[in-house]
Amino acid sequence: MSTTIQAPKGVPEYLPPESATWLAIRDTLARHATLAGYGYIELPVFEDTALYVRGVGESTDVVSKEMYTFEDRGGRSLTLRPEGTAGVMRSVIEHHLDRGQLPVKLWYAGPFFRAERPQLGRYRQLQQFGVEAIGSDDPALDAEVITMADRGYRDLGLTGYRLELTSLGCSECRPAYREKLVGFLEGLDLDEATRERARINPLRVLDDKRPEVQAQLVDAPLMLDHLCASCATHFASVRALLEGHDTAYVINARMVRGLDYYTRTCFEFVHDGLGAQSGLGGGGRYDGLMADLGGQELSGIGFGLGLDRALLACQIEGVTPGPARTLDVFVVPLGGARERAALLVDQLRAAGVRTDQVFGERGLKGAMKAADKSGAPYVVVLGDRDLEQGVAQVKSMDSGDQQAVDLSTIVNHIKEQLQ
Ligand code: HAM
């Protein structure tokens with residue numbers, strides 16, 4: 001016997017019945033994007049490696065350590081997408097969407113790939129639902145995007161998360177702040193690896209979880225206290241709008257996002273039930289990204305919500321979005337009634353009734369076991385004698401009641417029962 005093959009390490013799979021919840025989570029979040037006028041974009045799963053190097057930033061862990069990069073047969077360097085924003089920008093520029101009505105509002109969902117050390121909630125193939133709104137720096141757009149994610153999570157039934165908010169400033173105010181932070185960090189007692197991190201991106205040091213480092217960072221200068229007038233006004237406006245939307249948030253002035261393109265508003269949804277991988281989703285503004293990728297000087301904002309982590313959060317909170325059951329009717333043909341039963345299955349499905357049937361010669365006992373396992377609230381048994389009388393036996397699995405129903409009216413009868 002040959003050995004079995006297993007899924008690659010760090011790649012989660014969602015099988016029935018869990019997969020129904022997974023789909024419901026994705027579709028619920030997507031419904032909120034559709035409600036707000038976002039159109040769907042289906043992106044390539046791999047892109048030119050240069051897109052991520054330029055778009056996400058060479059100094060980030062995502063680009064420097066976690067990319068699945070390969071050479072194709074023509075010697076081109078390609079990379080499995082580690083995130084969605086850079087790909088959306090590339091597509092918007094390439095297809096001139098930025099020359100039409102602004103803002104361009106798009107949503108996407110699907111797998112992304114990061115060569116991380118797998119653990120619960122951290123995978124090498126991760127799934128995200130994301131939106132990007134490009135071409136306006138109106139704070140109302142920030143509030144729309146953030147509120148959309150919050151409403152989506154609430155719609156799933158989640159309550160155990162918080163929204164963290166900050167502003168990372170812009171190309172006007174960030175350089176001076178950065179210099180101030182570098183000066184502050186130079187005066188600290190840090191190990192060489194941390195100093196090296198500070199040289200690449202001093203902001204990352206603020207996120208160091210070690211208590212001995214945190215203790216030294218108590219008086220670190222914070223971007224929020226060094227915003228230029230226009231960033232400060234923008235941020236105040238975003239806050240006021242969120243309050244108007246009743247979207248609860250807390251300020252986290254030490255938030256550090258893992259991607260380099262962020263400017264101004266940044267946010268994260270954090271779920272403490274998820275342990276070390278508490279980031280349920282996150283996003284922010286990226287006002288220089290489009291121009292960095294060769295497009296117009298347009299600003300944008302978006303988010304990526306981890307679907308794997310949303311599912312874990314639902315499981316932790318004991319909420320199950322989606323239909324309570326996936327079948328309405330299970331049909332059991334006996335003896336010579338198979339063909340008529342197959343016709344009935346077709347008729348029920350055509351009427352929008354979710355229907356399955358028993359396959360193979362099972363006998364009444366085995367077939368009823370299968371019916372029970374299917375979870376369908378109604379079972380229709382069709383035997384030779386029923387067929388002669390033009391009826392079928394409709395059994396309610398909840399009450400156990402059974403009645404003979406005329407085959408000519410059975411579809412309507414079942415639809416009425418299901419209402
Ligand atoms: P990100 O923070 O890198 O942002 O990822 C967004 C979310 O994806 C995270 O909050 C987390 O829920 C999920 N995620 C990330 N890595 C993993 C992993 N290894 N396993 C499981 N889940 C993971 C972005 O990707 C940005 N493109 C979001 C964005 C869109 N910003 C602006 N527009």
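## Charged side chains on the surface and in salt bridges

R362, K365, K369 and K373 gather on the surface as a patch of positive charge. This comes from a predicted model. One member of the patch, K369, sits in helix α14, which spans residues 363-374. K369 has a relative accessible area of 64%. The cut-off for exposed is over 50%, so K369 counts as exposed.

**Salt bridges**

Side chains of opposite charge can pair when their charged atoms come close. The structure holds 23 salt bridges. The table gives three of them, with the distance between nitrogen and oxygen.

| Positive residue | Negative residue | N to O distance |
|---|---|---|
| K105 | E144 | 2.8 Å |
| R154 | D150 | 3.2 Å |
| K209 | D207 | 3.0 Å |

**K105 and E144**

Which parts of the chain does the salt bridge between K105 and E144 link? K105 belongs to strand β5, residues 104-113. E144 belongs to helix α5, residues 139-156. The two residues are 39 residues apart, and the pair links distant parts of the chain.

Is K105 buried or exposed? Its relative accessibility is 19%. Buried means under 20%, so K105 counts as buried. E144 has a relative accessibility of 25% and counts as partly exposed.

**R154 and D150**

This pair stays within one element. R154 and D150 both lie in helix α5. They are four residues apart, about one turn of the helix. Their closest N and O atoms are 3.2 Å apart.

The two partners fall into separate classes of accessibility. D150 has a relative accessible area of 4%. The limit for buried is under 20%, so D150 is buried. R154 is partly exposed, at 43%.

**K209 and D207**

The side chains of K209 and D207 meet in a salt bridge of 3.0 Å, N to O. K209 has 66% relative accessibility. Exposed means over 50%, so K209 counts as exposed. D207 has 32% relative accessibility and counts as partly exposed. Elsewhere, salt bridges that share partners join residues into a network: D191, R197, D208 and R210.

**In brief**

The positive patch includes K369, which is exposed. Among the salt bridges, the one between K105 and E144 links a strand to a helix. The bridge between R154 and D150 lies in helix α5. For the bridge between K209 and D207, the N to O distance is 3.0 Å.

Notes. Residues are numbered from 1 along each chain as its sequence is written. This is a predicted model: local features need pLDDT of at least 70, side-chain atom pairs count only at pLDDT 80 or more; totals for chains, interfaces and linings use all residues. Side-chain values use heavy atoms; hydrogens and water are left out. Patches are made of residues with over 30% relative accessible area and no salt bridge: like charges are joined within 9 Å, nonpolar side chains (Val, Leu, Ile, Met, Phe, Trp, Tyr) within 5 Å. Accessible areas come from the Shrake-Rupley method with a 1.4 Å probe; for residues, only the protein chains shown count as cover. A salt bridge is a side-chain nitrogen of Lys or Arg within 4 Å of a carboxyl oxygen of Asp or Glu. Lys and Arg count as positive and Asp and Glu as negative; His and the chain ends are not counted. The place of a charge is taken as NZ of Lys, CZ of Arg, CG of Asp or CD of Glu. Buried means under 20% relative accessible area, exposed over 50%, partly exposed in between (1.4 Å probe, protein chains only).
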